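Dear colleague,

Please find below the structure that I am handing over to you. My findings follow it, and I would be grateful if you read them with the model open.

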Amino acid sequence: MSSLFQPALVAEATKQAFVKLDPRTMFRNPVMFTVELGTVVMLVVTLGLLFRPDASQGSFGYNFTVFVVLLLTLLFANFAEAIAEARGKAQANSLRKTRQDTPARLRLDNGSFQQISSAQLQKGQIFVVEAGEIIPTDGEIVEGLATIDESAITGESAPVIREAGGDKSSVTGGTTVLSDRIVVLVTTAPGESFLDKMIALVEGASRQKTPNEIALTILLAGFTLVFIIVCVTLSPFADYAQTPIAISAFIALFVCLIPTTIGGLLSAIGIAGMDRALRANVITKSGKAVETAGDIDVLLLDKTGTITIGNRKATHFWPAPGVDTRQFVEGATVSSLTDETPEGKSIVALAREQQISPEQLQGRLEGAELIRFTAETRSSGVTLPDGTRIRKGAADAIRQLTEKAGHPYPAEVAERVQAVSANGGTPLVVSQNDQVLGVVELQDIIKPGIQERFARLRAMGIKTVMVTGDNPLTAKFIAEKAGVDDFIAEAKPEDKMQYIRAEQQQGRLVAMMGDGTNDAPALAQADVGVAMNSGTQAAKEAGNMVDLDNDPTKLIEVVEIGKQLLMTRGTLTTFSIANDVAKYFAIVPALFMTAIPALGALNVMGLHSPQSAILSAVIFNALIIPALVPLALQGVAYKPLGAAALLRRNLLVYGVGGVVVPFVGIKLIDLVVGLFV
Amino acid sequence: MTIELIGILLIMGATMLLAVPLGRYLATIYRGDTSWSDFLAPLERLLFRLAGIDPTREMRWQQHLLALLTINLLWFFWAMLVLTTQGSLPLNPDHNPSMPADQAFNTAISFLVNCNLQHYSGESGVTYFSQVFCLMFLQFVTAGTGMAACVVVFNALREGTTEKLGNFYNYFVKSITRVLLPLSLALALVLVFQGTPMTWEGKMSLVTVQGDTTAVSRGPAAALIGIKQLGTNGGGFFGVNSAHPLENPTYLTNALENMGILLIPMAMALALGYYLRRPRLGWMVFGVMTAGYLLLQLPTLYLEMHGNPALTAMGIDQRLGALEGKEMRLGAPASALWAISTTVTSNGSVNAMHDSLMPLSGMNTLLGMMTNSFYGGVGVGFLNFFVFIIVAVFISGLLVGRTPELLGKKVEAREMKIAVIIALLHPLLILAGTALTAYLYARNPADYAGWLANPGYHGFSEMLYEFTSSAANNGSGFEGLGDNTPWWNISTGVVLLLARYLPIIGPVAIAGLLAAKKYTPESAGTLRLDTATFGLMVFFVIWIIAALAFFPALALGPLAEHVSIGY
C-alpha cells in the first residue's frame, strides 16, 4: 500500500483530480461526464436555494451536502486516473534523468573523432564509447565487446556483455559502459530512441483506448442511457401519482444507478495494466498488446533459459570403439578451448575433472585455424598447424563428414547417439580427420517448478510449445519431462514462423519471445512478440513488447498480466452493476415514501429517513471509488483456473458481493448520517 | 384446487415433453436432413418455382434482412387493401362494413408485426374473407418470418468463418409448411371436435330460454385459433378472445391452446442446441427461460388461488381463488397459467381479464413482457435472448480474463453498439410512451378522463401495460383503458413498428458480423456458454437490464396497489 500511495504521487494526483474536472477532458468518459452534468445542476439548485428557499427542494444544507458528495465522486474518479498516471510519470522522470544530454564522440569518415551532443547524433552515424562513459543513444555495436551497466533501464545491477555480431549487439542510450571500448552505429533518429518511446508510453502520452476498452465504454454508456430514460420518465410518473420528487433526489438516483464505479476506474485500470507490465520490466508498445496477451492460446518458449537452467553441460565422454579415451577427450578439449559457448566451456571443465589439463593442450592451438559454428555445417572445430582437423557437432553433421570422406561411421557410435538422445541428453560427435573419435553427452537441467507452471498454463487453456535446436529425440524427452504440450525440434527460424502461421490459421493467438534478427519475422507474425532488450534492433522493432530483463519466462508473466487486466475490468463492471440492486432499494422507497407511505414496505434496509437514505446511497457511491482504487491499480488476485471455475469464483465474489456489500455499506452510512439529518 | 393444480402440472409437463422432439424436428428440417415431412417437398418446390426463387442460394445477413423487410412491406399493402374493401368482397354473410383507413392501418400494422392488438371486434369489425385471407394469412407468415430470422442467427453461430447464412425463403416456407401448418391443423381439428365453429355461414339465430331471439356469431373460427396460439399471434376470432365459449369451449381446449402458446417458443430454444449439435447450449437457453418463466408463474398461481385480501376482509368466500374477470369453467389456476404463458411469449391471447388480476400478478404479466425473452415469441424470443447473451458474454468474458468471445467469435465495439441499442429500445419505448401519456393525463385529468377507467395506481398500471404490450408485440390489453383514440392508436402503432423490426434487424446484424469473423476454437481458457454458471449470468443480466429499469414504474403501479389493498 505504501508503494501505491506515495505522498509525492498523492499530492500530484490530487492536483490533477481538479484539473481533470475540465469538461473537455471529462467528455471522453461518458459515464463520469453525466455525473459532472448532474453536479452542475446540483450546484445551480443549491445556489438557487440560497436566494430563494423552496421547501419542496429540501433545505440548503441538505442540497449542498448532495452537491459536495457528487463533486467528491468526480474527484475520486479523477484521482484514480491521476494516481495511475502519476505512477507512470514518476517512472518516466527517473528514465528521463538518464537521457540528459551526454557528450558523444562521433567518428567522421576520415577516421577522426568529433565531440558533439547526443541530441545531434543522426541515424547511420558511428560513435565510440569507452569504459566509464554513458552511451549517448541506441545503436548496434559494429566493433568490440564491452561490459555494460543497464541498471538505469532494467534496475538490474549485474552488468551484461554486449559485442559486435550475433544477437547481443544492441546497446541502449543511457546505459553505462563499464569496461572496454565499443564502436556503435546509430540506429534511431533523435527523439525516437527507445528511451524516448518508453517515456512517451509510460507518461501515457501515446495511450489510446484499446478495442476492448471502447466496447466496454459503449456498454457502460448504454447503461447510463437506460438510467437517463428511467430518471427522466420518472418525473411525469411522479406528477401522475402526485408525489413530488426533489431535483436532488432525481440526480442522486441517476448518479447512483449509472455505473460510476467502473466508469470512474476504467482508465486507471488500463494505465495500471501497462504499469504492471512495466514493473515486470516489460515495455509494451500499446495497451492493446497487454490485452491480447490475455487471449494467448499458444506460447512458443525457447527451451534454453525458460525450461532448462541456462545451458547444457557435458556429463560424459563416450569414446568410439577402438579409440583411446584419452585421445578422444583431448581431441574434444582442443576443439572446445576456443569455443566460448557454455557447452564448449563445460566440455573443458569435464575434461579437467578427468585429469586432463586444458592448459597443457593450449599450446597445440598455436597458429591453428578456428572453424566457427554455422547453421549450415552445424559443427565447429579447429584445424591444427599440423593439418589435423578436429570437428565437433551434431551427429548427422559429423556422420556426413565422415561418410563423405569415405570413413565408416561406427554402428556403436550411432547407437550411443540414440541412447544419449533418448535419455534427454544432446549428443555431440567429435571427429579427427573425418574419423569419429567419440560422443560427448550433454545434459539439460530442467528448471525446478517449471512443470507446475506449465500445468497452470494448461488449466488456463494455454498450449505450451518448446522450441529447441535439439534433435527430436532429445526434444521429446525434455518436453515430456518438463510437461510442455508440444515441441519444435531442430528448430530453424522458419520453423517457428511456420508453426505460428499454422496455429493462427486455426484461429489461435500465439505469443513468442525472441532476440535474434532472424527471429524478427516470427516476432512480427506472432500476436504477441516479446523481444529481449539484449536482442537486435530488428527484433525489438518487430515485437510489440520488449523485455528489459532478457528473461524468457517473462512470457508467462505477460500472459498473466493481460488476463489480470481484463479480469479487473470484468469484476469491477460486475460489482458496479450489481450494486444497483441495493441502491434501488435505498432510493426508490425514499422517493415515494412521503406521498405513498405504504411503499415504506420497500425500505427493506430500514433506513432512517428519505433524506438520509438518499445521502447514504450517494455517499456509498462516492466512497466505493477510492476504496477500490488499490484493486484497480494492482489488479484482481489472479488464480490460474479454467474459465468455468474463474467465472464461478468471480461471479460469487464480485457479483454476489456486489449485491450484498452496498446493502451493508448503505445501512452503516445511514446509521451515521441519521444522527444529523 | 388440488385437481386444478394437477391440471396445470399436466399442461406444463406435457408441453415440455413435446418441446424436446419438436426442437429436434425443427433442427432436422432447417438443416435440410431427411424427415417424415419430406412428402411436402413437392409442394415447396412448386411454391419456389411459381415465385421464381432458388431456395439453395445462400444469402448474406444484409440480403436476409432485405428479403424479410420486402415481403413484410408487400403484406402490409395486401392487408390494407383487404381491410379497406372487405365490405364489397365475398364471404361476408353478416354484411360487415369495410374498415375506415385509420383503423385498417392500425389493424394491418398490428397483425403484420405479430402483435395482434385488436381495436375491432371480430364479430362485427371484419368479414370472413378478412379473417381468413388477411388476418389468418398474416398469422402464418409473420410467425414464419420470426422463425426464419431465428434460423439465420442459428446459422451464424456455427463453427468457422462465413458470410453465407442460408436462404431466407427456404427457412420461411419450411417454417410454415413443415411446422405451423401441420400443428395448426391438428389443434384446429381438436377445436372443431370440441365445438368451435368452422363454417362459412353467417350469424345463427337462437331463441334463448327466456324466449328472446338472439344472433350468435360464428364462422371459420377453428382454423384461425390454431395458428393464433401456435404462432404467438394472439389475435382472436371473436372479440373476447379465448374467454369466448366458442373460441375456447372446454377445459381440454383451454389446456391444448395453452400448450400451443408455449410449444414452439420452447422448442425453438432447444432447436438451437440440436441445430448447432451442441444440445447442452439449447438446454442452457431453455433452462434460463424456464427459470424466468417459473419465477413469474409460481407467485402468480399462488396469488390468484388465494384471492383478494380486501374481499376476504369483507367476509367473502375466496376458496376458489380470485374469480373476478375469470371464466368460472376454467378457474383461477388455469387462468393464472394462461396469463403468464401469454405474456412471456408475446402471444397476447387471453382467457381472463388481466385488469382483474391481483396487483402483483399483473406485475408479473408486465415483467413477462418487459423481459420478453423467457421463451418469447416464435423465433423472435430467441433473438431477444441473443442480445442478452451478447451482453452476458461480454461481461463474463472479461471475468475469465479474455477479450469476450461468443462461440469463438470476438465480441467487439460494433456488436456491442448494436446490442446496447436493442437492449435500450425496449425500456425506452415503454417508459417514454407511458411517461408521455402520464404527462398528458397529469396536465389535464379532466380532458383525458376517458382514457382511464381507474385513476390512481391501477390506472398507471393500465397505461404501463398498454405500452409494454405494444413494445413486446404482445397484443393483450389490461383493458379498462379508453384506447380507441388517436393518441393511443398512433403512439402504440409507432411503438409496434419499432419494437418489431429493430429487434429482428439488430440480432441478425450482430450474428452476421460475428459469423464473418475469425473463428477461435475452444480451449480450457475459453468461456463455455453451455454451463449452469453462464446460464445464471444471462439470467441476472436479463433481470438487471430488462427488469430493474422498470422498478420505479412498477413501484408506482402494481407495487403501490399491492401494498394499498391490505396485504
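Helices and strands are here taken as DSSP runs, with at least four residues for a helix and at least two for a strand. On that basis, residues 244-269 of chain A are 81% helix and 0% strand, and their end C-alpha atoms lie 40 Å apart. Residues 30-50 of chain A are 100% helix, with 31 Å between the end C-alpha atoms. Please note that the model is predicted.

Both spans appear in the unreviewed UniProt entry under "transmembrane region", which also lists residues 62-80, 214-238, 584-607, 613-639 and 651-676 of chain A.

Chain A is divided into four parts: domain 1 (7-91 + 202-281 + 560-673), domain 2 (103-190), domain 3 (290-309 + 446-548) and domain 4 (313-443). The centres of domain 1 and domain 4 of chain A are 70 Å apart, taken over C-alpha atoms.

The contact between the chains takes 58 residues from chain A and 56 residues from chain B. On the side of chain A, α7(A) gives the largest share, 17 residues. By class, that side has 33 nonpolar, 15 polar and 10 charged residues.

As to the interior, the largest nonpolar core has 343 residues, of which Ile587(A), Val618(A) and Val391(B) touch the most other members. The largest share of this core, 21 residues, comes from α22(A). Domain 1 and domain 3 of chain A both contribute residues, so the core lies between them. Another core, of 28 residues, lies apart from it and includes Phe328(A) and Val420(A).

Yours sincerely

Conventions:
Residues numbered from 1 in each chain as written. Chains lettered and ligands numbered in written order. Predicted model: local features only at pLDDT ≥ 70, side-chain atom pairs only at ≥ 80, totals over all residues. UniProt positions renumbered as here; feature names shortened; annotations may be inferred. Domains from an automatic or database assignment. Contact = placed C-beta atoms within 7 Å. Nonpolar A, V, L, I, M, F, W, Y, C, P; charged D, E, K, R; others polar. Core = buried A, V, L, I, M, F, W, Y, C linked by C-beta atoms within 7 Å. Buried ≥ 20, exposed ≤ 12 C-beta atoms within 10 Å, placed from the backbone.
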